[in-house]
Amino acid sequence: MANEDVVLTHQGVKELEQKLEYLKTVRRLEIAEEIKTARAFGDLSENAEYDEAKNEQAKIEGEIVMLESMLRNATVVDQEDVDVQRVNVGTTVKVLDKEYDEEIEYKIVGSAEADLSTNKISNESPVGRALLGKKVGNLVKVETPGGIVKLKILDIHR
């Protein structure tokens, strides 16, 4: 992900900054303490606790580098500038799933913010990509792993 542009909303930037701060201040200290405790057990060549703590440290440091890179290369979408005439990153779109006759609301976000459990879908996902640029009233056919899904756009808002 190094040097790739990342699309984020202001909320997404805030969440990544909070996660980065937590990793740098809290987790780093916790891992350092775990390493210190494991060292006290003696011979490091056969010390599983030490190896585990060092592996966790490497994982945390890698995540910190990745988050810093994402934030450095982020393209931030300003909610106030989002055109609600068409589906864009930063809009919430209400659709009708024609097969199940069910209304669903999705917030279109960059891939770094996607979270299906809160109906935040990536602009790079099949559904997100198919909805981008469409207007209220458009019928969109999306090829998904489960087959073709037909969605009618009912509403677009911030």
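# Charged pairs and nonpolar cores

The side chains of Glu 63 and Lys 19 make a polar contact at 2.8 Å. That pair is a good way into this predicted model, which holds seven salt bridges. Below you will find several of those bridges, a buried glutamate that has none, and two separate nonpolar cores.

**Glu 63 and Lys 19**

- Glu 63 sits in helix H2, which covers residues 48-72.
- The contact with Lys 19 is also a salt bridge, with 2.8 Å between the closest N and O atoms.
- This pair ties together distant parts of the chain: Glu 63 belongs to helix H2 and Lys 19 to helix H1, 44 residues apart.
- Glu 63 counts as buried because its relative accessibility is 18%, under the 20% limit.
- Lys 19, at 39% relative accessibility, is classed as partly exposed.
- Once neighbours within four places in sequence are set aside, Glu 63 is in contact with Lys 19 and Leu 23.

**Lys 120 and Glu 15**

- Another salt bridge joins the side chains of Lys 120 and Glu 15, at 3.9 Å from N to O.
- Here too the partners come from distant parts of the chain, with Lys 120 in strand E5 and Glu 15 in helix H1 (residues 10-39), 105 residues apart.
- Lys 120 has a relative accessible area of 18%, so this residue is buried.
- Its partner Glu 15 is partly exposed, at 34% relative accessibility.

**Glu 113, buried without a salt bridge**

- Where does Glu 113 lie? Its place is the loop between strand E4 (102-109) and strand E5 (120-122).
- Glu 113 is buried but forms no salt bridge.
- For Glu 113, the nearest side chain of opposite charge is that of Lys 120, 4.9 Å away. A salt bridge requires the nitrogen and oxygen to be within 4 Å, so the pair does not count as one.
- Apart from neighbours within four places in sequence, the contacts of Glu 113 are Val 7, Leu 8, Thr 9, Gln 11, Gly 12 and Lys 120.

**More salt bridges**

- Glu 103 and Lys 94 meet through their side chains in a salt bridge of 3.9 Å, N to O.
- In this pair, Glu 103 is exposed, with a relative accessible area of 51%, while Lys 94 is partly exposed at 27% relative accessibility.
- Arg 27, Glu 30 and Glu 56 are linked by salt bridges into a network.

**The nonpolar cores**

- The largest nonpolar core is made up of 18 residues.
- Which residues have the most contacts inside this core? They are Val 93, Val 95, Leu 131 and Ile 153.
- At least two residues of this core come from each of strand E3 (92-97), strand E4, helix H3 (126-131), strand E6 (139-144) and strand E7 (147-157).
- Leaving out neighbours within four places in sequence, the contacts of Ile 153 include Val 87, Val 93, Val 95, Leu 131, Val 136 and Val 140. Among its other contacts are Lys 94, Lys 134 and Lys 135, along with Gly 137 and Asn 138.
- Lys 94, one of those contacts of Ile 153, is also the salt-bridge partner of Glu 103.
- A second core, separate from the largest one, has 15 residues, among them Val 13, Ala 53, Ile 64 and Met 70.

How values were computed: Residues are numbered from 1 along each chain as its sequence is written. This is a predicted model: local features need pLDDT of at least 70, side-chain atom pairs count only at pLDDT 80 or more; totals for chains, interfaces and linings use all residues. Side-chain values use heavy atoms; hydrogens and water are left out. Helices (H or I, at least four residues) and strands (E, at least two) are DSSP runs, numbered from the N terminus. Buried means under 20% relative accessible area, exposed over 50%, partly exposed in between (1.4 Å probe, protein chains only). Lys and Arg count as positive and Asp and Glu as negative; His and the chain ends are not counted. Contact means heavy atoms within 4.5 Å. A polar contact is a pair of N or O atoms within 3.5 Å; within protein, one must be able to donate a hydrogen and the other to accept it, and residues adjacent in sequence count only if both atoms are side-chain atoms. A nonpolar core is a set of buried Ala, Val, Leu, Ile, Met, Phe, Trp, Tyr and Cys residues joined through side-chain atoms within 4.5 Å.
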